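Biologist: Can you take me through this one? I'll ask as we go.

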Amino acid sequence: MTYKNYLVVFLFTIVNAKNVWAKDTLQVCSPSGKICVKVWMDKRLSYSVSNNNLLIVAPSFIDMMLQDGKALSLNNSIRLSSVKKITGTITSPVPEKRKVIPDVYNELSIEFKQPFKLQFRAYDDGIAYRITTRFKDSIIIKDEVADFNFPGNPSGYFQEIPFNDSTDMFQTSFENVYSFKKLSEFPANSIAYSPILIIPKSNPKIAITESDLEDYPGMFVAGTGTASLKAVFAHYPLQEKINWALYSQSVVAKRADYIARTKGTRAFPWRILMIAEEDKALPANDMVYRLASPSRVADVSWIKPGNITDEWIIDLNLYNIPFKAGRNTASYKYYIDFAKRFGFDRIMMDAGWSDNNDLLKVVPEINMDTLVAYAKKQGVKIAVWTQALTLNRQLDSALDQFNKWGIDFIMTDFIDRDDQVAVGFHQRVAAACAKHKIMIMFHGTYPPKGFNRTYPNAVTREAVLGSEYNIWSDKPSPDHDLLLPFTRMLAGSMDYEPGMLINMTKENFRNINGYIMSQGTRCHQLAMLAVYDNPMQFFAGNPSQGFTEPAYMKLWGSIPTTWDQTIILDAKIGEYIITAREKNGDWYIGGMTNWSGRDLPASFDFLGEANKYKATICKDGMNAERYASDYTIDSLTVTKKNNIQMHLAPGGGFLIKLEKQ
C-alpha cells in the first residue's frame, strides 16, 4: 500500500480578508524560499512566479467558466486564505525513480465568495495549482483558463499538432518529434500536448504539464503569437463512431460546446510548472507522481513488473530455427526459451495472437493451453496485447479468461484521445484489472500524469515516439532520444521498447520491413534501460540474434526495472545524459549521447566509502563510429575513488553494472 504521512508544522490563522485582498497580494514560497508565487484577485484571478527574486512567469490568468454563466472570475472575491508547511514522504510500490519520495512543500489555500477554492503548492523544484469546486449539483464546464505568460520571448520544445479542417485535431496517438521555436512563433492554429519545455535565454528551464487527471479532459496548449501559451481542452464527445479496420477504434463524430460534465464538488487536475536551474534536475523531478491521488488498490503485493520480450517490431522474423516462424505455438515457445535463458520475466504475445475484435477467439495456429503450460514449466509468464475497443466491450469475460491462463499483464492499444470519455476509460479498465490482479499498459494514449500512483497496476504507458517508428521512418534518432528524459519522461514512465540488435550510423540507416534497425549504437540502446523510466521494460530485438550474443543478453536480462534511488550525474538537454540508479545495493549507470560523439566521465563518488564493486562495463567498440553494432564488455573492480573516461561514438552510449563485493 502507498503511504503518505504528513507532518503539519504550522498553520497560519485563517483570516477574513473581505476588505484586504482587493489591494493586497497573497504569497507562498518554497521551503528553501527561492521559488515564490504571488496570487491576487482584481477583475481576474492572476498569479506570477519568481525564482531567486527573478520573475520567471509573468502575470497569468486562472479561471473556470460553467455553462450556466457562473465563473471563478465573475463577481468574485477572496474570502479566506491559509498557508501550511508540509513535510512528508511517499512510498511507491512501483518505484520509477526512487522508492521513498520526499514530499516537502508549502501550500496556499484560497477560498472565494463563490463556491470555488484554489490551492497553490510551492516545492523547491516547481509550483503547482488546482481548482476545487463546491457546488451541490453536477456542473457543465464550458472552459478552463490556464495561461502561461513568460518574460522576454523564450523558446520551447513542443510536440505540435497542426490544425487540419478534415480531422479532429484532438484525435492523436501522442507520438511525435519535438520542434524547437520561439513561443511567439508557435502557430495559433496548432496545439501541443504536455509536457512542454520552456527554455529562457538564461536559467531556469520550466516544464509545463499536469497531474491527477481524472474525469476531465487532458490539457493541450496553443500559441498566441506572443510569449504566452494558453490551455486548450478537447470538448466533450457527444457522438462517437467506430472505424472498423485491422485496428478498429472509436473516434469522435461530434463534440459538444463544453469540455466536461462532472460532479459539482470535486478537485480538478493540477497545473504544474517544474523549475530547473540545472538541466540534470529535470529527469530527476517526480512532482507529477507526488501530486497524484494516492493508490486506490488496497493490496499491491501482487504487482510485480519486470523485463519482457516483444515480437511485433521485428514481425516475428526469426531464423536458425527448425520450424516456420510466425504467430504460432512453436514461435512463442522459442520466445519462452529465450526469456528463460536470459532472465526475462515475461513474453508478450502482441497483436495477432487473437482476432483483434474478439479476444476470446485465439487464432488456429496458437494452442494457448499448450503455451500456458510450457511457460509455467519454464517459470516465465505470458502477457497479451488487446485492442482498446475490444477490451472495453469484452472487459469482464476477457479478464476472466486471462486469469484462467495465468496472465498477469496486458497491453491495450489504439485509444488516441484524452477527452473526458477517453480519460474515464483508463480508470474503468485499470480498476477492473486491479480486481483481477492484472497489470496493464496503455498504448496509443496520453502520458500517465500520475495515474500510475492512483492505480499502481497501470505500470507504464506509451505516449512516446519509440522503436516501432524504425519500421517506417527515421524519426527515432539519437537527437530525439536525448530530448525524451527532459520532456516526455517528466509526465511519467514511457514504453520506448529498446533492444534493436541491428544498429546503424546516420548515413547507413534504412527502413526495411522485417529487418528492423535502429539509429545509433548498440550501447545507445542498452543505456536506455538505465536512463528511461519504465517499470515494464521491453526487449524488442530479435531473439535469434540475441542467442548468438549470450554475454550481452545476460547483461540485458539482469538489469532491474524499478529502483530504490536515482541520481542524474550529468546532463545537457538534447545532447547527453548520465544516470545512476540503485537497486538492493547494486548500481547501474547509463550514458547516452546524441549524434555528436563525445567523451564523458563515469564518476563513482556517490558510492559508499568502504565498498568495492565489480564493474561490468558495456561500451561502444573501437569501430562503433563506422559499425554501430560494435561493442565491448569488460570487468574490473572499482571504488568511489575511481573515475573512468567513457568514449561515446556518435549516437553512442554505455552501461555500467556495479555489484557490491
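Biologist: How much area does the chain expose, and what share do carbon and sulfur atoms supply?
Modeller: About 24600 Å² is exposed, with 49% of it supplied by carbon and sulfur atoms. Areas are Shrake-Rupley values with a 1.4 Å probe. This is a predicted model, where local features need pLDDT of at least 70 and side-chain atom pairs count only at pLDDT 80 or more, while totals for chains, interfaces and linings use all residues. Residues are numbered from 1 along each chain as its sequence is written, and side-chain values use heavy atoms, without hydrogens and water.

Biologist: What fraction of the residues is buried?
Modeller: 62% of the 661 residues, buried being under 20% relative accessible area with a 1.4 Å probe, protein chains only.

Biologist: Which helices and strands, how many of each?
Modeller: Eleven helices and 41 strands, as DSSP runs (helices H or I, at least four residues; strands E, at least two) numbered from the N terminus.

Biologist: Switching to strand 35, where is it, and how many of its residues are buried?
Modeller: Strand 35 spans residues 576-583; seven of its eight residues are buried, so the rest of the structure largely encloses it.

Biologist: What does strand 35 pair with?
Modeller: It pairs antiparallel with strand 34 (residues 565-572) over seven bridges, and antiparallel with strand 36 (residues 586-593) over eight. Pairing requires at least two DSSP bridges. Thr566 faces Arg581 of strand 35, and Tyr576 faces Thr593 of strand 36.

Biologist: And the turns, which residues take a positive phi?
Modeller: Gly574, near 75 degrees, in the hairpin of strands 34 and 35 with three residues between them. In the hairpin of strands 35 and 36, with two residues between, Asn584 has a positive phi near 55 degrees.

Technical notes: Buried < 20%, exposed > 50% of the residue type's maximum accessible area, 1.4 Å probe, protein only.
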